[in-house]
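Let's take a walk through this one together, a stop at a time. Have the viewer open and keep a finger on the sequence.

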Amino acid sequence: MSHRLSLTQAFVFLLRRDLLLALRNRAEYAMPLLFFVLVITLFPLALGTSAELLARIAPGIIWVAALLAAMLSLDSIFRSDFDDGSLEQILLSAHPVAVLVLAKVTAHWLVTGVPLLLAAPLLAEMLGMPGEAQPVLLLTILLGTPILSLIGAIGVALTVGLRKGGIILSLLVLPLYVPVLIFAASAIENAASGFDPSAQIYMLMAFLFLSTSLSPWATAAALRMSVS
Amino acid sequence: MFLWFHKLGSPPHFYRIAGKWIPWLTWITVLLLLAGLYGGLIEAPPDYQQGESYRIIFVHVPSAWMSLFIYVVMAVCGAIIIIWRMKLAEVVLISSAPIGASFTFLALVTGSLWGKPMWGTYWVWDARLTSELILLFLYLGVIGLHNAIDDKRTAARAVAILALVGVVNIPIIHYSVEWWHSLHQGPTVTKFDKPSIHWSMLLPLLLMALAFQFYYVLALFHRCRAELLRRERNSKWVEEL
C-alpha cells in the first residue's frame with residue numbers, strides 16, 4: 001500500500017478484518033455460546049428443578065457461565081495472529097498499538113459477547129428469573145462482557161507465546177474478573193427483590209471506562225513482551 | 001547518594017552488601033519478634049469481649065498488612081522494570097512473590113482460626129476474607145507465570161505487567177471494608193481521631209508489624225542472593241566467589 005491509513009481507517013480496517021475472519025470461521029466462534037448454554041443446562045440437572053431455587057440462583061449461574069464462556073474464547077483474540085505473524089506486523093505499524101488492540105478487542109466482543117447478550121433472555125426465562133430483573137440482566141451483560149474481553153486481552157497477551165498458556169491464563173484472568181461478577185450479580189439480585197440496582201450499574205460503568213482506558217496499554221506492552 | 005543507589009543496582013555489589021546486612025537483620029528481627037511476642041502474649045491484658053483468643057491479631061494483622069505491602073513493592077518493582085529495565089528490580093519482584101504469598105496464606109489461616117471461636121465458623125464469604133483469598137490467587141498467578149516462561153528476563157517483564165495490573169485490585173481490597181457491609185470488624189488502628197485500641201495492645205502490635213517488615217527484608221535478601229547466583233552463574237563475579 002502506498003498511501004498511509006489514518007488512525008480511524010486503521011481501526012476500522014482491523015475491526016472489519018477480524019469480523020470477516022470470524023464470519024469465515026463461524027463454527028469456532030459458535031463454541032463459546034454453545035458452552036454458555038450447556039453450562040447453564042447443567043445446573044438444573046445437578047441442583048434439581050425447584051422453580052424457587054432456580055429463580056434465586058439464576059443471576060449467579062448466568063454470570064458464572066458467561067465468565068467461563070468468555071474465558072474459553074479469549075485465546076482467539078491473538079492466537080491465530082501470533083501463529084501466522086500478523087501480530088508482528090500490527091506491532092510494527094506506525095499507529096499506536098493500544099488503539100489497534102482496542103480494535104481487536106472490540107471485534108472479539110462483537111463476536112463473543114453479543115451472542116451471550118442475545119441468548120441471555122431466553123436462558124433467564126428458562127431459569128424462571130422474575131421479569132423485572134431481566135432488563136437489568138441484559139444491562140449488566142452489555143456493560144460487563146466488554147470488561148471481560150478487555151481484561152482477558154491482557155492475560156492472553158501475556159500468555160500467547162507459551163505452549164501451555166491455557167491453564168495459566170485462567171489463573172491470571174479469573175481473579176481479575178471478580179469485581180465484575182460481584183457487582184453484576186448483586187445488581188440483578190437487587191432488581192429481583194424490588195430494590196434499585198443503579199449503584200451497582202454505575203460501578204460496572206466505572207469499571208468499563210477504567211478498563212477501556214487502561215487495559216489496551218497493558219495489552220500492548222504485554223504483546224511487545226510476548227513477540228520479542 | 002545517586003551513585004550509591006546506582007552501585008546498589010549492580011548484582012555483585014548488591015550481593016556483597018546484602019551478605020553484610022544479613023547478620024544484623026537477623027538479630028533485629030529476632031529481638032523485635034521476642035519483644036512483640038512478650039508484649040502481646042504476656043504483658044497485654046485479655047480483651048473484655050474476646051478474652052484471650054484476640055491475641056492472634058498480633059500475628060494476623062501484621063501478616064495481612066505485609067500481604068498488601070509486598071504486593072505494592074512488587075508493583076513498584078514492576079514499574080521500575082518496565083521503565084528502566086533494571087536487573088535488580090526483576091530479582092526483587094520475583095523473590096518477593098513467594099514471601100508475599102506466604103504472608104497472605106498466614107493471614108488467611110490465622111484469620112480462620114480466630115473466626116472459629118468468635119464467629120462460630122472457620123470461613124465466611126465476607127468481603128475482606130474473599131479479597132484476601134483473591135490476593136493469594138494473584139500472588140500464585142505471578143509465580144505461575146514466572147515459572148511458565150523459560151527466558152527469565154522476558155518472564156520478569158511479563159510478571160511486571162501482571163503485577164501492575166493486579167495492583168489495581170489492592171485499593172478494592174482496602175476499601176472493601178467501607179464498600180460492603182460485612183462481618184469483619186472495622187479498622188481499629190488507623191482511625192484518624194483516636195485509635196480505639198489500647199496502647200498496651202497497640203505497642204506489641206506495632207512491634208510485631210516492624211518485626212515482620214524486618215523479616216521480609218531478611219528473607220528477601222536471602223532469596224535475592226540465591227536468585228542472583230542462579231541468574232548470573234556464568235558471569236565472572238560468581239566464579240570469583
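What follows goes from one chain as a whole to a few of its residues, then over to the other chain, and ends where the two chains touch.

One thing to keep in mind from the start: this is a predicted model.

Let's begin with the overall layout of chain B. It has nine helices and zero strands, so if you read along the sequence, the pattern is simply α-α-α-α-α-α-α-α-α. Chain B runs to 241 residues, and 34% of them count as buried. How do the contacts spread along the sequence? Take the pairs in chain B that are at least 6 apart in sequence: 76% of those contacts join residues at least 24 apart.

For a concrete case of such a long-range pairing, go to B:Tyr15, which sits in helix α2 (residues 11-43) of chain B. Leaving out residues up to four places away in sequence, B:Tyr15 touches B:Arg225 and B:Leu228. B:Arg225 is 210 residues away along the chain, yet its C-alpha atom and that of B:Tyr15 are separated by 5.8 Å. Is B:Tyr15 buried or partly exposed? It counts as partly exposed, because it has 18 other C-beta atoms within 10 Å, and a buried residue needs 20 or more.

Another residue to click on is B:Arg85, in the loop between α3 (57-84) and α4 (87-119) of chain B. Check its backbone: phi is near 55°, a positive value in a residue other than glycine. B:Arg85 has 13 C-beta neighbours inside 10 Å, so it counts as partly exposed; the exposed class takes 12 or fewer.

Now over to chain A, and helix α2 (residues 26-47). A quick sanity check on its length works nicely: at 1.5 Å a residue, its 22 residues should span 32 Å, and the end C-alpha atoms are 33 Å apart, which agrees. There is a bend along the way, though, of about 25° at A:Pro32. A:Pro32 is also one of the buried residues of α2(A), together with A:Phe36 and A:Ile40. What do these buried residues pack against? Their partners are α3 (51-74) and α6 (97-126) of chain A. Just after α2(A) comes A:Gly48, with a positive phi near 90°.

Stay with α6(A), since helix α1 (residues 7-24) of chain A packs on it too. The angle between α1(A) and α6(A) is about 35°, and their axes are 9 Å apart. Viewed as a crossing, α1(A) passes α6(A) in a right-handed sense. Residues on the α1(A) side include A:Leu7, A:Phe11, A:Leu14 and A:Asp18, while those on the α6(A) side include A:Val99, A:Leu100, A:Lys104 and A:Leu110. Sorted by class, this contact has 13 nonpolar, one polar and two charged residues.

Last stop: the place where the chains meet. Here 17 residues of chain B are in contact with 13 residues of chain A. Which helices of chain B each supply at least two residues of the side that touches chain A? They are α5 (127-148) and α6 (152-166) of chain B. The largest share, eight residues, comes from α5(B). As for chemistry, the side of chain B that touches chain A has 13 nonpolar, three polar and one charged residues.

Technical notes. Residues are numbered from 1 along each chain as its sequence is written. Chains are lettered from A and ligands numbered from 1 in the order in which they are written. This is a predicted model: local features need pLDDT of at least 70, side-chain atom pairs count only at pLDDT 80 or more; totals for chains, interfaces and linings use all residues. Two residues are in contact if their C-beta atoms, placed from the backbone, lie within 7 Å. Helices (H or I, at least four residues) and strands (E, at least two) are DSSP runs, numbered from the N terminus. Ala, Val, Leu, Ile, Met, Phe, Trp, Tyr, Cys and Pro count as nonpolar, Asp, Glu, Lys and Arg as charged, and the others, Gly among them, as polar. The expected span of a helix is 1.5 Å times one less than its number of residues. The bend at a residue is the angle between axes fitted to the seven residues ending there and the seven starting there. Axes are lines fitted to C-alpha atoms, for helices over the stretch in contact, and angles run from 0 to 180 degrees between N-to-C directions. A crossing is left-handed if the near helix is turned anticlockwise from the far one by less than a right angle, and right-handed if clockwise.
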